[in-house]
Amino acid sequence: MSNTATDADQVSHERLLDDWMAVWNGDYTPAERIISPAFFVHAAMLDGSDSTAIRGPEGLVAWVAQLRAAFSELVFEVEVGPILDANYLVLRWIATGTYDGGFPGATAALGAQVQFTGTDVLRVEHDMLAEYWLNSDVHVLLAQLGVH
């Protein structure tokens, strides 16, 4: 069986990507529509917790909101991609924002500008996002925040 994306897959995946980026940019409205109730995450969590505990649209929104709480004007933009096939959506993003405080261990001044990148691999099932692998350059963010 081929994993090549059809034209219909491409349209569906591009809609999912637009909504995915909207969620990361603080518009949580699309989450219920695009995130499967069985959705889970594979990521290295900063606090060492198990990322698979992030489940469904509510879990994703809570996680994104927690990150966004430390930064104003936090904007995620697609830098490379999307790369599409029938079951996956892959993109590299860049995030920029202003540090507002509240990040554990941070010594950066309030108002410091931050920029970091990452790669998202998203598994698509029944026109919804079902699984998420995150590989982010969190060490770059931590260095900018002065976390030692």
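Where does H126 lie? I went to that spot before anything else and found H126 in the loop between β4 (113-125) and β5. A reminder to myself: this is a predicted model.

**Entry 1: the loop before β5**

I checked the backbone of H126 and read a phi near 55°, a positive value in a residue other than glycine. Most residues other than glycine have a negative phi. I then looked up how open the site is: H126 has 72% relative accessibility and counts as exposed, because the cut-off for exposed is over 50%.

D127 is found in the loop between β4 and β5 too. Its phi is near 60°, again positive in a residue other than glycine. For D127 I noted 45% relative accessibility, so it counts as partly exposed.

I stepped on to M128, whose place is in strand β5 (residues 128-136). Which residues does M128 touch, not counting residues up to four places away in sequence? I listed L16, E32, R33, I34, I35, S36 and R123. I also took the distance from M128 to A69: the two are 59 residues apart along the chain, and their C-alpha atoms are separated by 26 Å.

**Entry 2: the whole chain**

Time to zoom out. I counted 4 helices and 5 strands in the protein. Read along the sequence, they follow the pattern α-α-β-α-β-β-β-β-α. The radius of gyration is 16 Å, close to the 15 Å that the globule rule gives for 148 residues, so the protein is as compact as a globular protein of that length. Along its principal axes the C-alpha trace spans about 50 × 30 × 25 Å.

How much of the protein counts as buried? I noted 43% of the 148 residues. The protein exposes about 7600 Å², and carbon and sulfur atoms supply 55% of that area.

For contacts along the chain, I took those with a separation of 6 or more; residues 24 or more positions apart account for 58% of them.

I also tallied charges: there are 6 positive and 20 negative side chains. The centres of the two sets lie 3 Å apart.

**Entry 3: the nonpolar core**

Which residues of the largest nonpolar core touch the most other members? I wrote down W20, L60, W63, F71, L129 and Y132, out of 38 residues in that core. Helix α1 (residues 7-24) gives the most to this core, with 6 residues.

I picked L60 for a closer look. Leaving aside neighbours within four places in sequence, L60 is in contact with W20, V23, W24, I35, F39, I54 and R55. W20 in that list is also one of the core residues that touch the most other members.

**Entry 4: from α3 to β2**

Is R68 buried or exposed? At 18% relative accessibility, R68 counts as buried, because the cut-off for buried is under 20%. R68 is found in helix α3 (residues 56-68). Leaving aside neighbours within four places, I found R68 in contact with W24, N25, G26, Y28, L74 and F76. The C-alpha atoms of R68 and W24 are separated by 8.4 Å, although their positions lie 44 residues apart along the chain as a separation.

Next I looked at A70, which sits in the loop between α3 and β2. A70 has 5% relative accessibility and counts as buried. Not counting residues up to four places away, A70 touches T98, Y99, D100, G101 and F103. I took D100 from that list: its C-alpha atom is separated by 5.3 Å from that of A70, with the two residues 30 apart along the chain.

T98 was the natural follow-up. T98 lies in strand β3 (residues 88-99) and is buried, with a relative accessible area of 9%. Beyond residues up to four places away, T98 touches A70, F71, S72, E73, G111, A112 and Q113.

**Entry 5: a peptide bond in β2**

Which residues does a cis peptide bond join? I found G81 and P82, with omega about 10°. Most peptide bonds are trans. P82 lies in strand β2 (residues 71-84), and that closes my notes for today.

How values were computed. Residues are numbered from 1 along each chain as its sequence is written. This is a predicted model: local features need pLDDT of at least 70, side-chain atom pairs count only at pLDDT 80 or more; totals for chains, interfaces and linings use all residues. Side-chain values use heavy atoms; hydrogens and water are left out. Helices (H or I, at least four residues) and strands (E, at least two) are DSSP runs, numbered from the N terminus. The radius of gyration is taken over C-alpha atoms; the globule rule is 2.2 Å times the number of residues to the power 0.38. Buried means under 20% relative accessible area, exposed over 50%, partly exposed in between (1.4 Å probe, protein chains only). Contact means heavy atoms within 4.5 Å. Accessible areas come from the Shrake-Rupley method with a 1.4 Å probe; for residues, only the protein chains shown count as cover. Lys and Arg count as positive and Asp and Glu as negative; His and the chain ends are not counted. The place of a charge is taken as NZ of Lys, CZ of Arg, CG of Asp or CD of Glu. A nonpolar core is a set of buried Ala, Val, Leu, Ile, Met, Phe, Trp, Tyr and Cys residues joined through side-chain atoms within 4.5 Å.
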